[in-house]
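The paragraphs below walk through a protein model, beginning with an open space at its surface and moving on to the sheets and helices. Please keep the sequence and the three-dimensional view at hand while reading.

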Amino acid sequence: MKPLVLVIAILTVFSCSSKTSKISKFEKPNVIIILTDDQGYGDLSCHGNQYIKTPNMDLLHSESVRFTDFHVDPTCAPTRSALMTGKYSHHVGVWHTVCGGNHLRKGERTMADIFKSSGYRTAMFGKWHLGANYPYRPMDRGFEEWLGNGDGGTGTTDDWFFNDRVNDYYWHNGDREKHEGFAPDLFFNKAIDFLKEEHEKPFFLYLATYLPHDPHSVPNTNMTEVYGDKVSKHVAYFYAGINRIDQNIGKLREALKASGKADNTVLIFMSDNGGTAGVPLYNAGMRGRKGQPYEGGHRVPFFIHWPKGNLAHGKDIPDLTAHIDVLPTLVDLCSLEGTEKNVFDGRSFKKQLKETSLQLPERTLFVENQRSFKAEEWLSTSGMTNRWRFVNNTELYDIKTDPEQKHNLIDDFPEVVDNIRKEFKAYWKLVSPNDRELPKVIVGHPNDKETYLTPSDWYLPKVPWNHAQVAQGPLFSGSWEVTIAEAGTYRIEARRWPREARAPITGVPKFHKKIDAWKEDGEIDRLLYGHEMKMLPVKSITLEIGEHKKTALVNTKDTYVAFDIELSKGDTRIKSDMLDKLGNVIAGTYYVYLTKLKFKPN
């Protein structure tokens, strides 16, 4: 054999042997996950809704493998944690949307971590809701590029004070930046820019819209006029948000085609919990809504499209599946590496994507809405099999014959109840250890030049989680658990209002907003979540951190008080209060900024 021919033959054999073991890194598919916010299973025209038209979602539905029995948690942050880890939300420390219960536990590997370690570029545009400070932010959890509003959404306490979804300030890789345009348009446009970039590496893109979650703000009231008097004004604004997402999905898919990357891109569409504003009009025959353990609270759309993957596009998978299955499936589909140490609670449904009639082994899945400070067995929980739904340990429904969950059969099928209760014991043993472990923000770390603490993360039964609630001056006082990264001098600013509000502690902010957004009750010339702003008779502010306790008087023009304190390395607690002239606590200082000034020498 001639030398050149021999070399070619050897290379060919090597190439073929590599392909038989796993996908070459140059052939691995791109992955895009679109996750909408508060869009129920019934809020698409392809699912039978006669009030709204969603042509691009419908087209994707027709060209995808569709899961008709796919489930998530009944609320936002828990679903996102399960999606990101392939584990139950309760298992990874996410049990609420506020009060510190939305922080994805340190040490958990995320979907972005796994894609990144497998040679993917990673980006996220939109809603995170799994922690606002280091080490909980997207940029700390595997995402190389991140653009989003406040952790929980526009108007929440981590968000820019004056934001209304139009021409707003965003967090971009940890810094504030202003961007023009309507928030969902911006996120999709950034995603399109990202996918157009030419690299040898494949990409993973997580596109998590803040819409159609309320408050339903839009940049143009004409967006709602298509509905006339067919639906209420409230629902018209809700549907308008879905329509805008639908249009952007069309733009995204066109950009994928133009880039030449459409055929080898896995495109997933899903939502984060059950329906909200649209439920009274159409709920696809289900009982329940967001926050509830009934079917309408957690059954959501799930479409997956990958032309080069030879999937069974246009067909339905009726088998019971869930958010915890997505990551194991993507690991399987994309031959991702470095997951041998990961133990997923979910499982891969790769085989079903090509053979939709294939039924995987029977299992029992659980979803819950555990928003209590002490975990309670069966609290707002649904145990699910392909046929049965066992709700709150007291109600049993045959979902195949009773999709509306009207007929409680708990007394008729004791063996089914016993089996699901047995499965629940194993589930509870898995998820409950350290399930209320408090998150600890790391202060003074090189990866976060300033820590921004807000009352959304107070560990209290009730907290002000959006700026409008804070503006009303609620009489709550909480604290934050933190870890000081290095011993040294830290500046701590205690504030009634966030910096950008430019308001004195004893006053209220002035609004000089350009009117560029509207809600159903009119133009937004105030905070997104409400109108009322209350002055507080603050005379002094106290700060307690570790062994330190300091007090500072407040003058009428003061926008904050600052404390420079020597702090030791390690765990501590921060508490700051506003006091009246008698020295009584009015409320906690809602916003606290911490910046390292200098470290102590070793």
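Which element gives the largest share of the lining of the second largest pocket? The model shown here is a predicted one, and in it that share, 3 residues, comes from β18. The second largest pocket has a volume of about 470 Å³, and of the 28 residues that line the pocket, W171, G174, R176, E450 and Y452 are the closest to its centre. Two elements, β7 (175–182) and β18 (450–453), give two or more residues to this lining. Sorted by class, the lining of the second largest pocket holds 9 nonpolar, 9 polar and 10 charged residues.

The largest pocket encloses about 610 Å³ of space. Its lining is made up of 39 residues, among which T97, V98, H129, T156 and W465 lie nearest the centre, and by class this lining divides into 13 nonpolar, 16 polar and 10 charged residues.

Cavities are a separate matter from pockets, because a cavity is a space where a 1.4 Å probe fits but cannot get out, whereas a pocket is open. There are 4 cavities of 30 Å³ or more, and the largest cavity has a volume of about 140 Å³. Residues lining this largest cavity include C99, G100 and H103, together with L438, P439 and V441, and also L453, D457, Y459, S479, W480 and E481. The lining of the largest cavity has 7 nonpolar, 3 polar and 2 charged residues.

The next topic is the sheets. Strands of a sheet pair through backbone hydrogen bonds, either parallel or antiparallel. One open sheet is formed by 10 strands with mixed pairing, in the order β7-β6-β5-β4-β8-β1-β9-β10-β2-β11. Its edge strands, each of which pairs on one side only, are β7 and β11 (316–317). At the β11 edge, strand β2 (residues 65–67) pairs with β11 in the parallel sense over 2 bridges, and F67 stands opposite I317 of β11.

Helices pack on this sheet as well. Helix α6 (residues 233–259) touches β1 (30–36), β7, β8 (203–208), β9 (265–271) and β10 (302–305), and its direction makes about 175 degrees with that of β1. Helix α8 (residues 326–334) lies across β1, β9 and β10 and runs at about 160 degrees to β1.

Helix α6 also has a helical partner, since helix α5 (residues 183–196) packs with α6 at an angle of about 10 degrees, their axes lying 10 Å apart. Angles under 35 degrees count as roughly parallel, and α5 and α6 are therefore roughly parallel to each other. On the α5 side the contact includes P184, D185, F188 and I192, and on the α6 side the residues include R244, I245, N248 and L252. By class, the contact of α5 with α6 has 10 nonpolar, 3 polar and 4 charged residues.

A further open sheet has 4 strands in the order β13-β14-β15-β16, with antiparallel pairing. Its edge strands are β13 (365–368) and β16 (395–398), each pairing on one side only, and the twist averages 20 degrees from one strand to the next. Within this sheet, strand β14 (residues 381–384) and strand β15 (residues 388–391) pair in the antiparallel sense over 3 bridges, with S382 standing opposite V391 in β15. Helix α10 (residues 414–431) lies across β13, β14, β15 and β16, running at about 70 degrees to β13.

Definitions and conventions:
Residues numbered from 1 in each chain as written. Predicted model: local features only at pLDDT ≥ 70, side-chain atom pairs only at ≥ 80, totals over all residues. Heavy atoms only, no water. 1 Å grid on protein atoms, 1.4 Å probe; cavity = no way out; pocket = protein on both sides within 12 Å on 5 of 7 lines; lining within 4 Å. Points joined across faces, edges and corners; volume = space filled by probe spheres on them. Nonpolar A, V, L, I, M, F, W, Y, C, P; charged D, E, K, R; others polar. Pairing = 2+ DSSP bridges. Contact = heavy atoms within 4.5 Å. Axes fitted to C-alpha atoms, helices over the stretch in contact; angles between N-to-C directions. Parallel < 35°, antiparallel > 145°, perpendicular 65-115°, else oblique.
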